[in-house]
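Please open the structure in your viewer and keep the selection tool at hand. The stops below each begin with something to select and then say what is found there.

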Amino acid sequence: MQELAIKFNVKNVEFQGETAKHEIDDKSPSIVRDFNKCILCRRCVATCKNVQNIGAIDCINRGFDSCISTTYDNSLNDVNCTFCGQCIEACPTGALREREYIDDVWAKLKDPDTYVIAQTAPAVRVALGEEFGMEIGTNVTGKMVSGLKRLGFDKVFDTNTAADFTIMEEATEFLERFKNKEHLPMMTSCCPAWVRFTETEYPENIPHLSSCKSPHQMFGAILKSYYAKKNDIAPEKIFVVSVMPCIAKKYESKREEMKIDGICDVDCVITTRELARMIKQANIEFTKLDDESFDHPMGEATGAGAIFGATGGVMEAALRTAYELITKEELKELNFEEVRGEKGVKKATIKIGDAEVKVAVAHGLGNARKVSEQIKNGEADYDFLEVMACPGGCIMGGGQPIKSSKIRSEVDIRRKRSEAIYAIDEKSVIRKSHKNPIMQEIYKQYIGEPGGHKAHELLHTHYSEKEKYCIDE
Ligand code: SF4
């Protein structure tokens with residue numbers, strides 16, 4: 001419908017008559033609900049209820065008064081919505097959309113006293129080109145960096161670098177817990193929608209969550225401490241913009257737990273779609289841009305960081321590092337095929353030295369609920385669990401280009417984007433997080449040991465039970 005409206009230049013509705021009037025819900029830092037645009041197709045309800053198994057929204061009332069709403073008509077901010085944004089991907093009219101922060105970014109880019117840094121997640125580079133008519137799954141890393149530089153960012157860094165820090169911290173934390181048999185299985189914490197799901201629906205499982213921040217939050221903390229000091233810039237003058245495939249990361253960046261001494265790690269999160277809008281607003285011909293590289297030194301990343309964008313990627317990257325940390329031997333076969341692919345819950349037993357590590361990977365919140373129930377009931381037969389809230393992982397995040405149902409039924413979008421992600425890994429010179437030279441340097445110069453005091457101060461956080469109001473209860 002949005003495509004047709006653009007094609008036929010439909011800007012207003014001319015039909016007379018009584019129309020339903022709904023207040024716009026813009027309280028959430030992630031999602032704006034404007035049900036004046038809703039046509040009651042209920043695709044959002046089906047996605048939230050049947051695919052994600054959350055049920056934050058449903059149809060209420062009858063006849064003319066029918067509308068999609070939440071428990072007690074609360075804001076999405078005050079119910080059990082995880083902000084995964086899959087409803088936005090399903091909505092044909094834009095009644096659900098991301099909370100846009102484009103104007104905030106433009107204002108900072110125009111301010112000569114602010115040092116504006118962009119960091120981009122792995123999944124953005126394999127989807128951004130679609131907004132400019134390029135084939136699904138085209139890797140546009142060079143053009144994306146070039147576009148961001150033309151928009152006026154002072155530096156453009158790669159969140160994949162931060163993913164390497166996440167692996168160092170997460171693998172260290174896991175090895176400690178594995179040795180002491182404490183709070184196993186350890187659950188990954190890089191997906192904020194999954195973290196919020198655990199906090200609202202399974203608070204008893206919170207001790208299983210890794211205390212690591214997600215990669216972009218870790219990066220923000222490093223930029224406003226190590227990088228600020230090294231380049232003699234006051235941390236308050238740095239404005240970090242994370243370009244993400246994700247809606248939940250907008251909410252995550254506003255969490256109190258993501259501040260150090262009152263300063264946010266990340267100031268603003270924009271989605272792949274918002275970046276495309278900015279590039280279009282600036283009249284940049286994206287497809288004609290030359291390729292440019294990320295700025296040094298914080299743009300040096302490994303293939304392990306790149307695969308974070310696909311389901312199983314965090315686990316695979318962690319296993320590559322855990323293997324070498326435990327055995328002190330070189331890992332020859334880097335691809336852990338057992339944790340790749342679209343199966344909802346993947347399980348594998350990996351032999352590392354004398355130990356057998358049992359791992360599981362789940363994607364989509366429907367599958368997350370299955371593994372959460374197992375953990376709650378003490379039935380989980382694995383030691384380490386990766387969960388990504390979006391089906392397929394971040395490559396299919398709620399901030400990625402929206403595809404019509406026709407394209408979704410004809411093309412395997414998940415497969416094309418994930419193939420592009422794994423191709424980046426295959427071509428990388430370094431494919432193990434712990435071998436990232438800039439990361440090693442920062443640990444040596446500033447952070448100290450992974451899992452040490454400074455690392456905890458900057459790169460870790462804590463989670464706690466949150467209130468839940470579910471329409472199904
Ligand atoms: Fe965000 Fe990725 Fe989690 Fe989806 S899977 S909510 S895109 S972090």
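Select E449 to begin, which sits in the loop between α16 (437-447) and α17 (453-459); helices here are DSSP runs of H or I with at least four residues, strands are runs of E with at least two, and both are numbered from the N terminus. This is a predicted model, in which local features need pLDDT of at least 70 and side-chain atom pairs count only at pLDDT 80 or more, while totals for chains, interfaces and linings use all residues. Residues are numbered from 1 along each chain as its sequence is written, and side-chain values use heavy atoms, with hydrogens and water left out.

Is E449 buried or exposed? E449 is exposed, with a relative accessible area of 60%, where buried means under 20%, exposed over 50% and partly exposed in between, for a 1.4 Å probe and protein chains only. Leaving aside residues up to four places away in sequence, E449 touches Y443 and A455, contact meaning heavy atoms within 4.5 Å. Now add E169 to the selection: E449 and E169 are 280 residues apart in sequence, yet 9.4 Å apart in space, C-alpha to C-alpha.

Next, select helix α6 (residues 159-180) together with helix α12 (residues 313-327), which pack at an angle of about 65 degrees with their axes 9 Å apart. Axes are lines fitted to C-alpha atoms, for helices over the stretch in contact, and angles run from 0 to 180 degrees between N-to-C directions. On the α6 side, I167, M168, E170, A171 and L175 meet a set of α12 residues that includes V314, A317 and L325. The residues of this contact divide into 10 nonpolar, 1 polar and 1 charged; Ala, Val, Leu, Ile, Met, Phe, Trp, Tyr, Cys and Pro count as nonpolar, Asp, Glu, Lys and Arg as charged, and the others, Gly among them, as polar.

Keep α6 in view and select the open sheet of 4 strands, whose order is β6-β5-β8-β11 with parallel pairing; two strands pair if DSSP finds at least two bridges between them. The edge strands are β6 (155-158) and β11 (268-271), each pairing on one side only. Strand β5 (residues 115-120) pairs with β6 over 4 bridges, and I117 stands opposite K155 in β6. Helix α6 lies across β5, β6 and β8 (238-244), running at about 40 degrees to β6.

Finally, select the ligand, which is surrounded by ten residues' worth of shell including C191, P192, K249, M388 and G397, where a residue is near if one of its heavy atoms lies within 4 Å.
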